[in-house]
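Open the model in a viewer and keep the sequence panel beside it. The stops below give a selection to make and then say what is there.

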Amino acid sequence: MKSNCIILTILIFCFSNAFGQGKWELKKDEDGIQVFTRKAAKGNIKELRVVCELDATKAQLINTLENIEEYNSWVYSNKKSKILKIITPQNIIYYTQSHLPWPIRDRDLIVELNITQTAEVLNVQAKSLPDYMPKNADYIRVPYSLAVWKVTQAPDNKLKVDYTFSVDPGGNIPTWLVNATLTIGPYNSFAKLREILKAQKGQQLH
């Protein structure tokens with residue numbers, strides 16, 4: 001009887017979380033990049049999803065994601081990134097700083113990057129580790145972020161990316177401001193990433 005009650009409690013918790021999330025709503029559809037948002041199961045900051053195609057191979061994408069020091073060339077508002085620890089070539093802990101418009105204070109973030117793949121799917125997870133190192137007084141430490149990439153093969157030797165992202169930016173940023181500008185960074189990041197990967201592929205063909 002006790003075990004049945006435990007199972008029932010777990011099911012109620014799972015279903016309540018599922019229904020707590022809203023449906024994905026398309027907020028931007030431009031140049032082949034679709035950006036969606038939805039109500040998060042917890043908190044007031046909306047979750048984000050990007051769907052697009054990249055003209056690249058999986059190896060090129062992996063190399064770009066592992067090249068942490070060059071994130072400022074394509075990651076929106078990225079100020080500086082550096083590797084803290086290489087556990088394996090596909091499992092890296094890194095530190096990054098983000099510049100935000102005045103009067104909002106800049107943020108910093110420690111991330112553990114994990115890249116795994118099967119014959120069909122390339123999976124990438126970037127999860128925050130806020131307590132990995134002491135806080136920098138010049139920045140507000142992001143307490144939580146999670147980015148998940150699901151990458152599959154698309155026609156014409158392209159990659160289809162389904163990317164989701166959730167964050168608690170920490171500090172006192174008005175929720176309405178975060179939600180109003182949430183689509184800008186990811187759209188610009190993926191647009192720039194696509195340019196970089198396409199240029200790399202073009203160089204290899206010559």
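## Stop 1: the loop at D31

At 57% relative accessibility, D31 counts as exposed. This is a predicted model, and the tour begins in the loop between β1 and β2, where D31 lies. Check the backbone there: phi of D31 is near 55°, a positive value in a residue other than glycine.

Now add R194 to the selection. The side chains of D31 and R194 meet in a salt bridge, with 2.8 Å from N to O. The pair links distant parts of the chain, 163 residues apart: R194 is in helix α4 (residues 184-205), while D31 is in the loop between β1 (25-30) and β2 (33-38). Is R194 buried or exposed? R194 is buried, because its relative accessible area is 19% and the cut-off for buried is under 20%. Its partner D31, at 57%, is exposed.

## Stop 2: a second loop residue with positive phi

Select N157, which is found in the loop between β9 and β10. N157 is not a glycine, yet it has a positive phi of about 60°. The relative accessible area of N157 is 57%, so the residue is exposed.

## Stop 3: R49 and D162

Select R49 and D162 and show their side chains. They meet in a salt bridge at 2.7 Å, N to O. R49 lies in strand β3 (residues 47-54) and D162 in strand β10 (residues 158-168), so this pair ties together parts that are 113 residues apart in sequence. R49 counts as partly exposed at 22% relative accessibility. D162 is partly exposed too, with a relative accessible area of 23%.

The structure holds 8 salt bridges. One of them is the subject of the next stop.

## Stop 4: R141 and its surroundings

Select R141 in strand β8 (residues 140-141). With 7% relative accessibility, R141 counts as buried. Which residue forms a salt bridge with R141? The partner is D108, and the closest N and O atoms are 2.9 Å apart. D108 is in strand β6 (residues 107-117) and R141 in strand β8, so the pair links distant parts of the chain, 33 residues apart. Both residues of this pair are buried.

Next, show the backbone oxygens around the R141 side chain. The oxygen of P130 lies 2.8 Å from a polar atom of that side chain. The R141 side chain also reaches the backbone oxygen of M133, at 3.0 Å. To see the wider surroundings, display the residues that R141 touches, leaving out those up to four places away in sequence: Y95, D108, L109, I110, P130, M133, P134, K135, N136 and P169.

## Stop 5: the largest nonpolar core

Select L61, W149 and F190. Of the 40 residues in the largest nonpolar core, these three touch the most other members. The largest share of this core comes from α4, which gives 6 residues.

Stay with L61 and display its contacts. Beyond four places in sequence, L61 touches L54, L122, W149, V151, L159, L193 and L197. W149 is thus both a contact of L61 and one of the three core residues picked out above.

## Stop 6: from F190 to V75

Keep F190 on screen and add V75. Their C-alpha atoms are 8.1 Å apart in space, although the residues are 115 apart in sequence. V75 is found in the loop between α2 (58-66) and β4 (78-88). At 25% relative accessibility, V75 counts as partly exposed.

## Stop 7: the largest pocket

Rolling a probe the size of a water molecule over the atoms shows where empty space is left. Turn on the pocket surface, if the viewer offers one, and go to the largest pocket. About 1200 Å³ of space lies in it. How many residues line the largest pocket, and which lie nearest its centre? The lining holds 39 residues, and Y76, S77, S98, F165 and G185 lie nearest the centre.

Colour the lining by element to finish. The elements that give two or more residues to it are β5 (91-98), β6, β7 (121-128), β9 (144-154), β10, α3 (175-180) and α4. Several of these names appeared at earlier stops: β6 holds D108, β10 holds D162 and α4 holds R194.

Terms used: Residues are numbered from 1 along each chain as its sequence is written. This is a predicted model: local features need pLDDT of at least 70, side-chain atom pairs count only at pLDDT 80 or more; totals for chains, interfaces and linings use all residues. Side-chain values use heavy atoms; hydrogens and water are left out. Helices (H or I, at least four residues) and strands (E, at least two) are DSSP runs, numbered from the N terminus. Buried means under 20% relative accessible area, exposed over 50%, partly exposed in between (1.4 Å probe, protein chains only). A polar contact is a pair of N or O atoms within 3.5 Å; within protein, one must be able to donate a hydrogen and the other to accept it, and residues adjacent in sequence count only if both atoms are side-chain atoms. Contact means heavy atoms within 4.5 Å. A salt bridge is a side-chain nitrogen of Lys or Arg within 4 Å of a carboxyl oxygen of Asp or Glu. A nonpolar core is a set of buried Ala, Val, Leu, Ile, Met, Phe, Trp, Tyr and Cys residues joined through side-chain atoms within 4.5 Å. On a 1 Å grid over the protein atoms alone, a cavity is a set of points where a 1.4 Å probe fits but cannot get out, and a pocket is an open set with protein on both sides within 12 Å along at least five of seven lines; lining residues have an atom within 4 Å of a point. Grid points are joined across faces, edges and corners, and a volume is the space filled by probe spheres set on the points.
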